[in-house]
Amino acid sequence: MKNSLKVERAKLNITQQELAEKINVSRQTINSIEAERYVPSTILAIKISNVFNTTVNSIFIIEEDD
């Protein structure tokens, strides 16, 4: 699953650590999501989208092979 998490973080000028603290996960989790090595749960995706005040679909893009 592709995502624009790094771009969204840059828009708000927040670090991986700051985002992780806002949604109660580790910085490594944020890093893995950004590197597309980890697909977040639905709840985690919603928490992330809430931080950026946008929809889940605007951050996470489902591809045909997902």
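## Charged residues: three exercises

Glu64 is exposed, its relative accessible area being 85%. Keep in mind that the model is predicted.

**Exercise 1.** Work out where Glu64 sits along the chain and which surface patch Glu64 helps to form.

*Solution.* Start with the chain: Glu64 lies in the segment after β2 (60-61). Next, look at who joins in: Glu63, Glu64, Asp65 and Asp66 together make a negative surface patch.

**Exercise 2.** Find how many salt bridges the whole structure holds, then take the pair Lys2 and Glu36 and say which parts of the chain they link.

*Solution.* A search of the whole structure turns up three salt bridges. In one of them, Lys2 pairs with Glu36, with 3.7 Å between the closest N and O atoms. That pair ties together distant parts of the chain, 34 residues apart: Lys2 is in strand β1 (residues 2-3), and Glu36 is in the loop between α3 (27-34) and α4 (42-51). As for exposure, Lys2 has 38% relative accessibility, so it counts as partly exposed. Glu36, at 35%, is partly exposed too.

**Exercise 3.** Two salt bridges involve helix α1: sort their residues into buried or exposed.

*Solution.* Take Glu8 and Lys11, whose closest N and O atoms are 3.3 Å apart. They are three residues apart in helix α1 (residues 5-12), so about one helical turn separates them. Glu8 is buried at 12% relative accessibility, whereas Lys11 is exposed at 60%.

Now take Arg9 and Glu34, a salt bridge with its closest N and O atoms 2.4 Å apart. This pair joins helix α1 to helix α3, with their positions 25 residues apart in the chain. Arg9 is buried at 10%, and Glu34 is buried at 16%.

Technical notes. Residues numbered from 1 in each chain as written. Predicted model: local features only at pLDDT ≥ 70, side-chain atom pairs only at ≥ 80, totals over all residues. Heavy atoms only, no water. Patch = residues over 30% accessible without salt bridge, like charges linked within 9 Å, V, L, I, M, F, W, Y side chains within 5 Å. Areas by Shrake-Rupley, 256 points an atom, 1.4 Å probe, with all protein chains shown as cover. Salt bridge = Lys/Arg side-chain N within 4 Å of Asp/Glu carboxyl O. Lys, Arg positive; Asp, Glu negative; His and termini not counted. Charge placed at Lys NZ, Arg CZ, Asp CG, Glu CD. Helix = DSSP H or I, 4+ residues; strand = E, 2+ residues; numbered from the N terminus. Buried < 20%, exposed > 50% of the residue type's maximum accessible area, 1.4 Å probe, protein only.
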